[in-house]
Structures are given as structure tokens and as C-alpha cells.
Amino acid sequence: MCKLKSRPDPFTGKRKFHNGIDLHARGDKVLAMMEGTVIKVGQDRASGKYVVLRHGEFTVSYCHLSRILVGKGAVVRPRDAVGITGNTGRSTGEHLHITCRRNGKSVNPAKIFNYIKTTREKCLAALAEMS
Ligand SMILES: [Zn+2]
């Protein structure tokens with residue numbers, strides 16, 4: 001699967017938290033992390049083709065896609081494919097750029113990954129206690 005990597009900004013050479021994280025990718029399916037709704041799809045010079053999902057108070061954007069597989073307003077379930085990674089927009093090599101916002105403020109996507117991980121662990125523990 002994807003490997004986390006902090007990469008220097010190819011345009012300034014500076015290593016920075018550019019409002020998100022970059023994952024290595026090569027024609028990979030981009031999957032919804034949670035249940036949610038597609039609130040925006042589009043294309044611009046910076047982000048290339050992008051998809052924005054809303055999960056409650058969180059929004060998650062996936063950028064530089066080669067293909068978008070969902071339309072605005074679509075309801076997604078965990079692991080639904082919403083796009084295919086690519087190298088569109090302000091990007092010098094294929095990668096998946098993920099940004100997250102909570103109530104409009106940028107948050108590190110790693111927090112969402114941790115949230116999903118701990119929630120899943122709690123569910124599994126609860127199920128184990130039932131059996
Ligand atoms: Zn990036």
C-alpha cells in the first residue's frame with residue numbers, strides 16, 4: 001500500500017507541511033476513508049483533478065488525480081473508489097495529495113487515519129467481548 005513520505009516542495013526546495021500529506025502512488029484507486037458525501041469535484045492549475053468528500057465535520061480532498069470516478073452529491077461508503085491517482089496540476093511526479101479540514105480549519109490527515117484506526121480497534125475489541 002501507500003507509504004508516507006515528506007517531500008521537499010519541488011518548486012521552492014523547502015520541506016513543508018503543505019496543508020496535507022503526499023502518498024506515493026501509481027495508478028492507484030483512491031478510496032473513501034469513511035461514509036460521506038462528495039461535495040466537490042473539479043480541476044484547477046494547482047490541484048489538478050480533485051475530489052472533496054465530507055465526513056461529518058471533516059472534509060477530505062484528494063488532488064492530482066488522473067481520473068475522477070464520482071460526481072458531486074454522490075454518497076460514498078468506506079473503501080468506495082472515488083478516483084485514480086495521477087500527476088495533474090502543480091505536481092512534478094505522480095502522488096496522491098490529501099488535505100483535511102475540520103470545520104474549515106486545516107488538520108493533519110494523520111489525525112483522521114489515527115481516528116479510523118482507533119475506532120476500528122474499539123469495534124473489534126467490542127465484537128471480541130460479545131463472542
Ligand atoms: Zn502534494
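**Exercise 1. The nonpolar core**

Determine which residues of the largest nonpolar core touch the most other members, and which elements give two or more residues to this core.

*Solution.* Step 1. A nonpolar core is a set of buried Ala, Val, Leu, Ile, Met, Phe, Trp, Tyr and Cys residues joined through side-chain atoms within 4.5 Å. Buried means under 20% relative accessible area, exposed means over 50%, and partly exposed lies in between (1.4 Å probe, protein chains only).

Step 2. The largest core holds 23 residues, and those that touch the most other members are Leu 53, Tyr 62, Val 82, Leu 96 and Ile 112.

Step 3. Two or more residues each are given by strand S2 (21-24), S5, S6, S9 and H1. S6 supplies the largest share, 4 residues. Helices (H or I, at least four residues) and strands (E, at least two) are DSSP runs, numbered from the N terminus.

Step 4. A general tendency may be recalled here: in soluble globular proteins, nonpolar side chains tend to be buried together.

Step 5. Consider Val 82 as one of the core residues named above. Contact means heavy atoms within 4.5 Å. With neighbours within four places in sequence left aside, the contacts of Val 82 include Val 30, Val 51, Leu 53, Tyr 62 and Ile 68.

The structure is a predicted model, in which local features need pLDDT of at least 70 and side-chain atom pairs count only at pLDDT 80 or more, while totals for chains, interfaces and linings use all residues. Residues are numbered from 1 along each chain as its sequence is written, and side-chain values use heavy atoms, with hydrogens and water left out.

**Exercise 2. The chain as a whole**

State how many helices and strands the protein chain has, and in which pattern they follow along the sequence.

*Solution.* Step 1. The protein chain has 1 helix and 10 strands.

Step 2. Along the sequence the pattern is β-β-β-β-β-β-β-β-β-β-α.

Step 3. Of the 131 residues, 37% are buried. The accessible surface of the chain is about 8300 Å², and 53% of it belongs to carbon and sulfur atoms. Accessible areas come from the Shrake-Rupley method with a 1.4 Å probe; for residues, only the protein chains shown count as cover.

Step 4. Among contacts between residues at least 6 apart in sequence, 56% join residues at least 24 apart. A separate pair, Ala 110 and Gly 20, is 90 residues apart in sequence and 9.0 Å apart in space, C-alpha to C-alpha. Ala 110 belongs to helix H1 and is partly exposed, at 28% relative accessible area.

**Exercise 3. Salt bridges**

Find how many salt bridges there are by the rule, and describe each pair.

*Solution.* Step 1. A salt bridge is a side-chain nitrogen of Lys or Arg within 4 Å of a carboxyl oxygen of Asp or Glu. By this rule the count is 3.

Step 2. Arg 77 and Glu 35 form a salt bridge through their side chains, at 3.7 Å from N to O. The two residues are 42 residues apart: Arg 77 is in the loop between strand S7 (75-76) and strand S8 (81-85), and Glu 35 is in the loop between strand S3 (29-31) and strand S4 (36-44). Glu 35 is partly exposed, at 47%.

Step 3. Glu 57 and Arg 102 form a salt bridge at 2.5 Å, N to O. Glu 57 lies in the loop between strand S5 (48-55) and strand S6 (58-68) and Arg 102 lies in strand S9 (residues 95-102), so this pair ties together parts 45 residues apart in sequence. Glu 57 is partly exposed at 35% relative accessibility, and Arg 102 is partly exposed at 40%.

Step 4. Lys 117 and Glu 121 form a salt bridge at 3.8 Å, N to O. About one helical turn separates these residues, because they are 4 residues apart in helix H1. Lys 117 is partly exposed, at 48%, as is Glu 121, at 44%.

**Exercise 4. The surroundings of Thr 85**

Decide whether Thr 85 is buried or exposed, and name the residue whose side chain makes a polar contact with the side chain of Thr 85.

*Solution.* Step 1. Thr 85 lies in strand S8 and is buried, with a relative accessible area of 3%.

Step 2. A polar contact is a pair of N or O atoms within 3.5 Å; within protein, one must be able to donate a hydrogen and the other to accept it, and residues adjacent in sequence count only if both atoms are side-chain atoms. The side chain of Thr 85 makes such a contact with the side chain of Glu 94, at 2.6 Å.

Step 3. A polar atom of the Thr 85 side chain also lies 3.1 Å from the backbone nitrogen of Gly 27.
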